[in-house]
Amino acid sequence: MATTRVYVARLAGLTVLGPDGESIGRVRDVVVAVRHGRQQPRVHGLVVELVTRRRIFVPMLRVTAIEPGIVTLNTGTVSLRRFAQRPGEMLALAQIVDTQVRVNDPGLPDLDGVDVFVADLGIEQTRTRDWVIGRVAVRGHRRIGRRRTVHVVDWSQVDGLTPADVDRPGQDVTTLLEQFEGLRAADVAHRLRELPEKRRVEVALALDDGRLADVVQELPDDDQVDLLGHLEVRRAADVLEAMDPDDAADLLGELPESEAESLLALMDPEESEPVRRLLAHSPDTAGGLMTPKPVVLGPSTTVAEALARVRDPDLTPALASMVFVVRPPTATPTGRYLGCVHIQQLLREPPAHLVGGMVDADLMPLSPELPLAAITRYFATYNLVCGPVVDTENHLLGAVTVDDVLDHLLPEDWREEEEPLAEGSGL
């Protein structure tokens, strides 16, 4: 039997089916509106994310049934116009859940007059087929026991659900963070861009430096600059330290020179120095595209040691595809560059063999001044996903990976475009 009462957190991620049983997308949020007086807040509809990542609005009147795992619509015709939040509307998951409210219920002495947090919203269908907020689940305050204690009260017993209340600064983001757990940084970045600016900043402030750095790297340039501008200067420098040096250099290159220099001065010298070297190159050259932290080994390193290095989970697949062999020092810029060893060759050799005896010295390295078009031809010619960058004195400066090349070949706004993703993307 179709459900006529459901909690919005359980709707998140449900598959939306048309009347023909074909999947349209997945529920990402619920649009509600608080009305004047003490009328129950009305549910306007669902925010549905299509396979193209576009988010559209589906009116609740189009919903025929809400069943375990699926939401069924009564028509296959929906507007594909990108969802835009209207004045007076609020997003249940993005804005209301985690909001601090006050319960007024003399029948619950432990809750009456206590400030708590919204854990979930119960919506229900009326006789007129409208959907309204009927119940509010609240997370326990320390005064009523454990932090995660949950109580369910009638919506009328809760004060603080108006847009003005929700827009108060410093609201909690526990539930949003829980939704982001396990997602790839690129998917978190996409979800972050869909949030209202206030909530986007609150989530960013709540993420740890490493996770925030990974997410910022996946945002469009303008969003990176905007988000960095909302951070306290010391925190912004910490996030830049946690970013890949080439991505940090790209971001700093978007800032005024004086502001970029101030942030560089706050960074740890060991982290800022490679970023400064990258900023000295044009962004569309091998020197500007490279990462200064590829896998660099001495010639006396064994195959077993080399394989242990490329197993590092923090390495991208492209960087892990090749190791570079140099004379000491092995930190970039290194001693004399000897050559490279592909991971396929490492896998074929005995563990005790030395990488110095199997280097590929014939692969032509990239010069730091080489332009993007020539780098692209280089990767295509040699079927590579990673290539060494070497200066005129034969020092290894870093490595260019295919993902950085693609990033610069695609249009500047490619992260904002809505193109179909491969099957299995999780949408």
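**Exercise 1.** In this predicted model, decide whether Cys340 is buried or exposed, and find out how far away the nearest cysteine sulfur lies.

*Solution.*
- Start with accessibility: Cys340 has 0% relative accessibility, so this residue counts as buried.
- Next, look for a partner. The nearest cysteine sulfur belongs to Cys386 and is 8.8 Å away.
- A disulfide needs the two sulfur atoms within 2.5 Å, and Cys340 is in no disulfide.
- Cys386 is in no disulfide either; this cysteine is buried, at a relative accessible area of 1%.
- Over the whole structure, the count of disulfides is zero.

**Exercise 2.** Work out which residues Tyr378 pairs with through its ring, and with what geometry.

*Solution.*
- Take Phe379: its ring and that of Tyr378 are 5.9 Å apart centre to centre, with 75° between the planes, an edge-to-face pair.
- Now take Tyr382: the ring centres of Tyr378 and Tyr382 are 5.3 Å apart and the planes stand at 65°, so this pair is edge-to-face too.
- Place the two tyrosines: both sit in helix α17 (residues 372-382), four residues apart, about one turn of the helix.
- Add accessibility: Tyr378 is buried at 4% and Phe379 is buried at 6%, whereas Tyr382 is partly exposed at 38%.
- Put together, ring pairs join Tyr378, Phe379 and Tyr382 into a cluster.

**Exercise 3.** Show how the buried residues of helix α8 (residues 221-229) are arranged.

*Solution.*
- List them: Gln224, Leu227 and Leu228.
- Look down the axis of α8: these residues fall within an arc of 100°, so they line one face of the helix.
- Check the other side, where Asp222 and Gly229 are exposed.
- Finally, find the packing partners of the buried residues, among them α5 (185-194), α9 (233-242) and α11 (257-266).

Notes:
Residues are numbered from 1 along each chain as its sequence is written. This is a predicted model: local features need pLDDT of at least 70, side-chain atom pairs count only at pLDDT 80 or more; totals for chains, interfaces and linings use all residues. Side-chain values use heavy atoms; hydrogens and water are left out. Buried means under 20% relative accessible area, exposed over 50%, partly exposed in between (1.4 Å probe, protein chains only). The arc is that of the directions from the helix axis to the C-beta atoms. Contact means heavy atoms within 4.5 Å. Rings of Phe, Tyr and Trp (its six-membered ring) pair if their centres lie within 6.5 Å; planes under 30 degrees apart count as stacked, over 60 as edge-to-face and the rest as tilted.
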